[in-house]
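Here are a few exercises on side-chain packing and charge pairs, each with a worked solution. Keep the structure open beside you and try each task before reading on.

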Amino acid sequence: MNKLKVLITREEIERKVAELADELRRDYQDKHPLLIGILKGSFVFMSDLIRKLNIPVEIDFVKLSSYGAGKEPSDKIKQVQGVKTSIKDRHVLVIEDIVDRGRTVRFLLDYLGRRKPASLKLCTMFDKPSRRVTEVPIDYLGFTVPDAFVVGYGLDLNEEFRYLPDLCVLEDQE
Ligand code: PRP
């Protein structure tokens, strides 16, 4: 049995999205950036963020997956669905829900970097630095979270809980 405990409330998340949007608006105002979300987890954050940004942006998604069933990730990143938009000379901003071991984002930044964007930055809502195995430069960050299994706001366990508006810790119950 699992028990959910709220770690970051929907109100805190909403305030943080607005702060990040203010910062991004200042930096990208005249750049017509291309925001690339990593599916599936980032879809909730992406949709909140673009509606607060209030500047013209283009969006695309890439589907990458590192986790199999359950809580442990596999080592291999599989690019399931690639970016359709041409990114050469574009200002590209990768949108992620959480950077954990760092492999997913590292893979995508390397992949996109080879395609010569005008700039390439990373915005993630959550960061779990205690689990990092590869270096990842985070340019825009929402919250640092502890080393616990978190779900909600797009994040899942076996495809459950993505719909929760708060970020919750999933605790094993005796
Ligand atoms: C999760 C999460 C990140 C990634 C982070 O996605 O959404 O994209 O893992 O892990 P890492 O930093 O250790 O690489 P997942 O692979 O579970 O796919 P999903 O977004 O479809 O749930």
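Tyr153 is buried, because its relative accessible area is 4% and buried means under 20% (exposed is over 50%, partly exposed in between; 1.4 Å probe, protein chains only). This is a predicted model, in which local features need pLDDT of at least 70 and side-chain atom pairs count only at pLDDT 80 or more, while totals for chains, interfaces and linings use all residues. Residues are numbered from 1 along each chain as its sequence is written, and side-chain values use heavy atoms, with hydrogens and water left out.

**Exercise 1. Work out which rings are linked with Tyr153 in a cluster.**

Step 1. Recall the criterion: rings of Phe, Tyr and Trp (its six-membered ring) pair if their centres lie within 6.5 Å; planes under 30 degrees apart count as stacked, over 60 as edge-to-face and the rest as tilted.

Step 2. Take Phe126 and Tyr153. Their ring centres are 6.3 Å apart with the planes at 85°, so this pair is edge-to-face. Phe126 belongs to strand S6 and Tyr153 to the loop between strand S8 (150-151) and strand S9 (167-172), so the pair ties together parts 27 residues apart in sequence. Strands here are DSSP runs of E with at least two residues, and helices are runs of H or I with at least four, numbered from the N terminus.

Step 3. Now look through the structure's 3 aromatic pairs. One of them is stacked: Phe126 with Phe143, at 6.2 Å centre to centre and 25° between the planes. Phe143 lies in strand S7 (residues 140-144) and Phe126 in strand S6, so parts 17 residues apart in sequence are tied together.

Step 4. Put the pairs together: Phe126, Phe143 and Tyr153 form a cluster. Phe126 and Phe143 are both buried, with Phe126 at 0% relative accessibility.

**Exercise 2. Find the lysine that lies over the face of Phe143.**

Step 1. Apply the test: NZ of Lys or CZ of Arg must be within 6 Å of the ring centre and within 35 degrees of the ring normal.

Step 2. Lys16 is the residue you want, at 5.1 Å from the ring centre of Phe143. Lys31 sits likewise over Tyr28, at 5.8 Å.

**Exercise 3. Place Glu58 and Arg90 in the chain and describe how their side chains meet.**

Step 1. Their side chains form a salt bridge, 2.9 Å from N to O; the term asks for a side-chain nitrogen of Lys or Arg within 4 Å of a carboxyl oxygen of Asp or Glu.

Step 2. This pair links distant parts of the chain, with Glu58 in strand S3 (residues 58-67) and Arg90 in the loop between strand S4 (73-81) and strand S5 (91-99), 32 residues apart.

Step 3. Check accessibility: Glu58 is partly exposed at 27%, whereas Arg90 is buried at 17%.

**Exercise 4. Which residues are linked with Asp156 in a network of salt bridges?**

Step 1. Start from Asp156 and Arg162, whose closest N and O atoms are 3.5 Å apart.

Step 2. Follow the links: the network holds Lys40, Asp156, Glu159 and Arg162. Asp156 is partly exposed at 22%, and Arg162 is buried at 13%.

**Exercise 5. Explain why Asp22 and Arg25 are separated by about one helical turn.**

Step 1. The two residues form a salt bridge, with closest N and O atoms 3.0 Å apart.

Step 2. They are 3 residues apart in helix H1 (residues 10-28), which means about one helical turn between them.
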